[in-house]
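Reader: I am new to this structure and would like a close look at one part of it, the sheet and the helices packed around it. Please take me through that part in order.

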Amino acid sequence: MAVTFTDMPVDLLRAYRPSLVEPAGFDDFWSETLATARDAARPASLTPVEAPVTALSVHDLTFTGFAGDEIRGWVVRPHGDDVLPAVIEYIGYGGGRGLPGEKLSWAAAGYVHVIMDTRGQGSTWSTGDTPDPHGSAAAFPGVMTRGILDPRDYYYRRLYTDAARLVDVVRELPGVDPSRVAVTGGSQGGALSIAAAALSGGAVAAVMPDVPFLCDIPNAIVRTPSAPFTEITRYLAVHRDDAERALHTLSHIDGAILARRISAPAYFSVGFMDDVVLPSGVFAAFHALTSGDAAIEEYTYNGHEGGGHRHWMKQVAWLDARFGR
């Protein structure tokens, strides 16, 4: 829990719109990155998994992301051949896709639930199976500073590309309605859901980021008291002459810039006592949306855990209404 209630007064949060400058060539940078990944793409594969879960179907997913790298995931859905809407879930910092059948809630609610593994992570609080085959120059422990001096080398360029490529893949999976694909995730997963929606050219029909990380980064790295943003400040405390280059790289993955490209229905959440993702960053991204159908759920007395299962229940009702269920 944060020591204080929010990082700025609530009335200012609800109006907070920082003037973040987009780097030159921002859209070209991402369109070229995704075009290269799509050129290198190979067909996805689904392999049935024998797991203790029998009431739902569980498959091991393999698809290609950045530079044609192989990415893993799970696909969990109700049994049968019905064409259903899909929810793609991205994972928080340090986590991976977990064990087969570990996440069942969206499938139990009648959706095709796709969980993306996180390259190079998955050993902090849940397991992962996807390596990151690309190296970087000197970096602070964690992934926040891997390749941070050049946007083309930066770790999150690769991870955001994986997230957007998964949207392509899910829309072609058997039994998925390609017009009803939603993205969600908490913290880093929230940042990835913003990136996927922004970079997928309208293919995402709804976006539900929970306490999304990596938004309004220039403010976050000087005000956030907790990791992982402190990885960047610790790095710059040693690399004293590299702040300008690092901030230039980070501007390419800032969710409050990417959100300007989202017009799909959006349902955010924020914890007012969050000291990992400051409320100001969440509101910065929320206010950048161009969607005419956007709402943010405020959890006054919660930290980075946000609304937990209660918020998921609200998400189901919200998404059901938009997907005609």
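Author: What follows goes through the sheet, then the helices that pack on it or beside it.

This is a predicted model, in which local features need pLDDT of at least 70 and side-chain atom pairs count only at pLDDT 80 or more, while totals for chains, interfaces and linings use all residues. Residues are numbered from 1 along each chain as its sequence is written, and side-chain values use heavy atoms, with hydrogens and water left out.

Helices (H or I, at least four residues) and strands (E, at least two) are DSSP runs, numbered from the N terminus. Two strands pair if DSSP finds at least two bridges between them. Nine strands form an open sheet with mixed pairing, in the order 1-2-3-5-4-6-7-8-9. Strand 1 (45-48) and strand 9 (294-299) are the edge strands, each pairing on one side only. From one strand to the next the twist averages 20°; axes are lines fitted to C-alpha atoms, for helices over the stretch in contact, and angles run from 0 to 180 degrees between N-to-C directions.

Take strand 4 (84-90) as a starting point. Seven of its seven residues are buried, and strand 4 is mostly covered. Buried means under 20% relative accessible area, exposed over 50%, and partly exposed in between (1.4 Å probe, protein chains only). Strand 4 pairs with strand 5 in the parallel sense over four bridges, and Glu-89 stands opposite Ile-115 in strand 5. Strand 4 also pairs with strand 6, again in the parallel sense, over six bridges. There, Ala-86 stands opposite Val-181 in strand 6.

Moving on along the sheet, strand 6 (residues 176-186) and strand 7 (residues 206-210) are parallel and share five bridges. Val-183 has Val-207 in strand 7 as its bridge partner. Strand 7 is joined to strand 8 by two bridges, and these two strands run parallel. Asp-210 stands opposite Ser-269 in strand 8.

Strand 8 is mostly covered, with six of its six residues buried. In a regular strand the side chains alternate between the two faces of the sheet. In strand 8 both faces are covered: Ala-266, Phe-268 and Val-270 are buried on one side, and Tyr-267, Ser-269 and Gly-271 are buried on the other. Six bridges join strand 8 to strand 9, and the two run parallel. Val-270 has Glu-298 in strand 9 as its bridge partner. Between these strands the chain passes through helix 10 (residues 279-288), in a right-handed β-α-β crossover. A crossover is right-handed if, with the strands pointing away from the viewer, the path from the first strand over the helix to the second runs clockwise.

Helix 10 is largely enclosed by the rest of the structure, because 10 of its 10 residues are buried. Among them are Val-282, Phe-283, Phe-286 and His-287. The buried residues of helix 10 pack against helix 1 (10-13), helix 5, helix 6 (217-223), helix 9 (255-258), strand 8 and strand 9.

Two other helices lie across the sheet strands. Helix 5 (residues 188-199) lies across strands 4, 5, 6, 7 and 8, at about 145° to strand 6; contact means heavy atoms within 4.5 Å. Helix 11 (residues 308-322) lies across strands 4, 6, 7, 8 and 9, and runs at about 170° to strand 7.

Helix 5 also packs with helix 4 (residues 155-170), at an angle of about 60° and with the axes 8 Å apart. Their crossing is right-handed; a crossing is left-handed if the near helix is turned anticlockwise from the far one by less than a right angle, and right-handed if clockwise. From helix 4, Tyr-156, Leu-159, Tyr-160, Ala-163, Ala-164 and Val-167 meet Gln-188, Ala-191, Leu-192, Ala-195, Ala-196 and Leu-199 of helix 5. By class, this contact has 11 nonpolar, one polar and no charged residues. Ala, Val, Leu, Ile, Met, Phe, Trp, Tyr, Cys and Pro count as nonpolar, Asp, Glu, Lys and Arg as charged, and the others, Gly among them, as polar. An α-helix has 3.6 residues a turn, so residues three or four places apart point the same way.

One residue of helix 5 can be followed further, namely Gly-189. Gly-189 counts as buried because its relative accessibility is 0%. Leaving aside neighbours within four places in sequence, Gly-189 is in contact with Tyr-90, Ile-91, Gly-92 and Thr-184.
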